[in-house]
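Reader: Hello! I'd like a close look at one part of this protein, and then a little of what else stands out. Could you walk me through it?

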Amino acid sequence: MESLMKINDPILLALIATGFTWFMTALGTAMVFFFKEINKRVLNMMLGFAAGIMVAASFWSLLAPAIEMAEQSSLPAWLVAAIGFLGGAAFLWLADRLLPHAHFFAKDGEVEGIPTNWRRSILLVFSITLHNIPEGLAVGVAFGAAANSMSDTGLLAAIAVALGIGIQNFPEGAAVSIPLRREGVSRMKSFMYGQASGLVEPIAGVIGAAMVTSMEVILPYALAFAAGAMLYVVVEELIPESQSGGEHESADLSTIGFIIGFAIMMILDVALG
């Protein structure tokens, strides 16, 4: 950690951090080599856990700092945060409508986005790739904010975001590759597809860090934008999917997973930030 603090380039730090989050995705995806099936209750708990991490990160690591930074702008802080937040949600809504993808809980033939003849396995990977974009963006913007504050506290807060996203990427990776295997995809292809869905995080992270460091005025907007995009993913995909299955006990487990994920991210952010 001390060696990271000596690096003054936020773009490089964002690349390192999102490289870690991708690695955690790949590590989770590698579980397909050990398991062919995943219990629906376990899957729901894992998805709930990921949702909890993302909700906590959206507030503690993104929205709260955005509001604090916006207090120094000429516009009301609530307006700056609202513009960024709604912009992030609108961006994911538009991407959701345009990018062909399918949810794991969807029935065969239920495809969202532009009509396509792509195989279901590819559409499933695109679904995960879509909600990895705001995760990478959140990490990159967090490191851009750290560079702007020029404080160890800001850097530790950014590291907390990367740790939280990385932790939830492990079960999320397994939640991608194992269902792909169940769809009839080979173990190696399931692993390759699953880890590939995480490659968008370093790209989004570098873009986010580059934008906020070159245009500091957009920093509070960018933080709120990432929060809005992440919460859109949580409400539109993760929570419905974690509650699917129709069993009360399964829904309870996803709720427990959410609470645990939220608590872990909150602890990380408060302890480090």
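How many of the 24 residues of H9 are buried?

Author: Happy to! Please keep in mind that this is a predicted model. In H9, 17 of the 24 residues are buried, so the helix is mostly covered. H9 runs over residues 219–242, and at 1.5 Å a residue it should span 34 Å. Its end C-alpha atoms lie 32 Å apart, which agrees with that expectation. Follow the helix along and you will find a bend of about 40° at Val234.

Now to the aromatic residues elsewhere. The whole structure holds four aromatic pairs. One of them joins Phe33 and Phe191, a tilted pair with 5.5 Å from centre to centre and 45° between the planes. Phe33 sits in the loop between H2 and H3, while Phe191 belongs to helix H7 (residues 187–196), so this pair ties together parts that are 158 residues apart in sequence. Phe191 counts as buried because its relative accessibility is 19%, under the 20% cut-off. Phe33, at 37%, counts as partly exposed.

Phe33 also helps to make a nonpolar surface patch of about 540 Å², together with Phe34, Phe35, Met188 and Met192. Phe34 is in the loop between helix H2 (10–29) and helix H3 (40–70), and with a relative accessible area of 60% this residue is exposed.

Terms used: Residues numbered from 1 in each chain as written. Predicted model: local features only at pLDDT ≥ 70, side-chain atom pairs only at ≥ 80, totals over all residues. Heavy atoms only, no water. Helix = DSSP H or I, 4+ residues; strand = E, 2+ residues; numbered from the N terminus. Expected span 1.5 Å × (residues − 1). Bend = angle between axes of the 7 residues up to and from the residue. Buried < 20%, exposed > 50% of the residue type's maximum accessible area, 1.4 Å probe, protein only. Patch = residues over 30% accessible without salt bridge, like charges linked within 9 Å, V, L, I, M, F, W, Y side chains within 5 Å. Areas by Shrake-Rupley, 256 points an atom, 1.4 Å probe, with all protein chains shown as cover. Salt bridge = Lys/Arg side-chain N within 4 Å of Asp/Glu carboxyl O. Phe/Tyr/Trp six-rings, centres within 6.5 Å; stacked < 30°, edge-to-face > 60°.
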